[in-house]
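User: I have a model open and a few quick questions. Can you walk me through it?

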Amino acid sequence: MLTFDQVRFYYKKGQPVVENLDLTIEQGEFVAIVGANGCGKSTIAKLMDGLLLPKEGSVKYNGLHTSKQSDLNMIHQQIGIVFQNPEDQFITTTVMDEIIFGLENIRVPREDIHSRLDDALRAVQMEDYREMMPHQLSGGQKQRVAIAAILAMRPNVIIFDEATSMLDTQGRDQIMSIMHELHRQGMTVIVVTHHMEEVLYAERVLLIHQGRLEFDGEPSKLFLEIDIEKYQLELPFAVRVHNTFHLISPVRADWKEMIRLQWSIN
Ligand SMILES: Nc1ncnc2c1ncn2[C@@H]1O[C@H](COP(=O)(O)OP(=O)(O)OP(=O)(O)O)[C@@H](O)[C@H]1O
Ligand SMILES: [Mg+2]
């Protein structure tokens with residue numbers, strides 16, 4: 001369980017970025033975080049895994065405190081973040097080294113490294129690319145390697161901060177299906193996104209406005225009850241189609257059903 005208790009954060013004193021945030025995310029949830037540019041989403045994502053520390057209040061993961069230096073290593077291993085720009089995420093020379101580097105860093109025993117490497121590459125369908133160098137990979141493939149490097153740590157929580165925003169539709173679909181598979185396996189998946197299509201598949205959505213939690217509930221409720229355009233967000237295509245159908249004919253097009261069909265989600 002990940003909890004925020006009255007969290008306040010600023011980069012510059014007097015300019016609050018996160019204010020009095022209370023939040024609990026249970027193991028195995030699929031949560032989307034949305035809001036206008038600059039509302040504090042990435043800051044919240046970094047507070048979650050201790051890359052940033054609250055100025056007031058606390059962030060805890062299963063009893064570990066991000067503010068306790070002695071807990072931080074454990075937290076970094078259990079909560080991984082994939083960032084927006086695939087270019088920035090490679091540290092080493094090959095796909096294989098990238099993943100091994102992370103494992104050596106957390107002192108995984110030598111005999112376990114190769115099975116973890118294989119499992120992680122298989123999970124993102126990059127087994128055949130282990131000898132490749134970053135410049136030989138597409139943006140989508142680099143993101144998959146970034147995900148593999150995190151999966152090799154065997155985390156419980158994975159956060160995607162706009163991880164699909166530089167990718168084309170196919171690249172995005174691949175990452176989305178990886179997210180779903182990880183969720184199906186019981187991992188907590190947290191997705192910061194501007195793509196409202198991605199929000200539809202979440203079980204829960206958090207709307208952030210000026211560093212505060214404005215809405216916390218099911219995506220359908222967000223789209224039906226909140227005027228999201230006020231927050232610079234757009235209704236998903238399927239919901240717009242549904243609304244149009246509703247206006248022009250009594251035929252009920254269930255947008256949740258349409259999405260399930262599109263993504264073959266059961
Ligand atoms: N390193 C930093 N130093 C100073 N201010 C920062 C820093 N990072 C972010 N900010 C400011 O904090 C606020 C929240 O930024 P944050 O990156 O969390 O927003 P966001 O919701 O992720 O935005 P976006 O949708 O554009 O990614 C913004 O006003 C931003 O300018
Ligand atoms: Mg951001």
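Analyst: To start with a term, a residue is near a molecule if one of its heavy atoms lies within 4 Å of it. This is a predicted model, in which local features need pLDDT of at least 70 and side-chain atom pairs count only at pLDDT 80 or more, while totals for chains, interfaces and linings use all residues. Residues are numbered from 1 along each chain as written, chains are lettered from A and ligands numbered from 1 in written order, and side-chain values use heavy atoms, without hydrogens and water.

User: OK, which residues are around ligand 1?

Analyst: Tyr-11, Val-17, Ala-36, Asn-37, Gly-38, Cys-39, Gly-40, Lys-41, Ser-42, Thr-43, Glu-162 and His-194.

User: What does the side chain of Ser-42 do there?

Analyst: One of its N or O atoms is 2.8 Å from an oxygen atom of ligand 1, which fits a polar contact (a pair of N or O atoms within 3.5 Å).

User: And the backbone of Gly-38?

Analyst: A backbone N or O atom of Gly-38 also lies 2.8 Å from a ligand 1 oxygen. For Cys-39, a polar backbone atom is 3.2 Å from an oxygen of ligand 1.

User: Switching to helices: at what angle do helix 5 and helix 6 pack?

Analyst: Helix 5 (residues 139-151) and helix 6 (residues 169-184) pack at about 20°, with axes 10 Å apart. Helices here are DSSP runs of H or I, at least four residues, numbered from the N terminus. Axes are lines fitted to C-alpha atoms over the stretch in contact, and angles run from 0 to 180 degrees between N-to-C directions.

User: So are they roughly parallel or oblique?

Analyst: Helix 5 and helix 6 are therefore roughly parallel, the word for angles under 35 degrees.

User: Which helix gives ligand 1 the largest share of its shell?

Analyst: Helix 1 (residues 41-48), with three residues.

Key
Polar contact = N/O pair within 3.5 Å; in protein donor to acceptor, adjacent residues only side chain to side chain. Helix = DSSP H or I, 4+ residues; strand = E, 2+ residues; numbered from the N terminus. Parallel < 35°, antiparallel > 145°, perpendicular 65-115°, else oblique.
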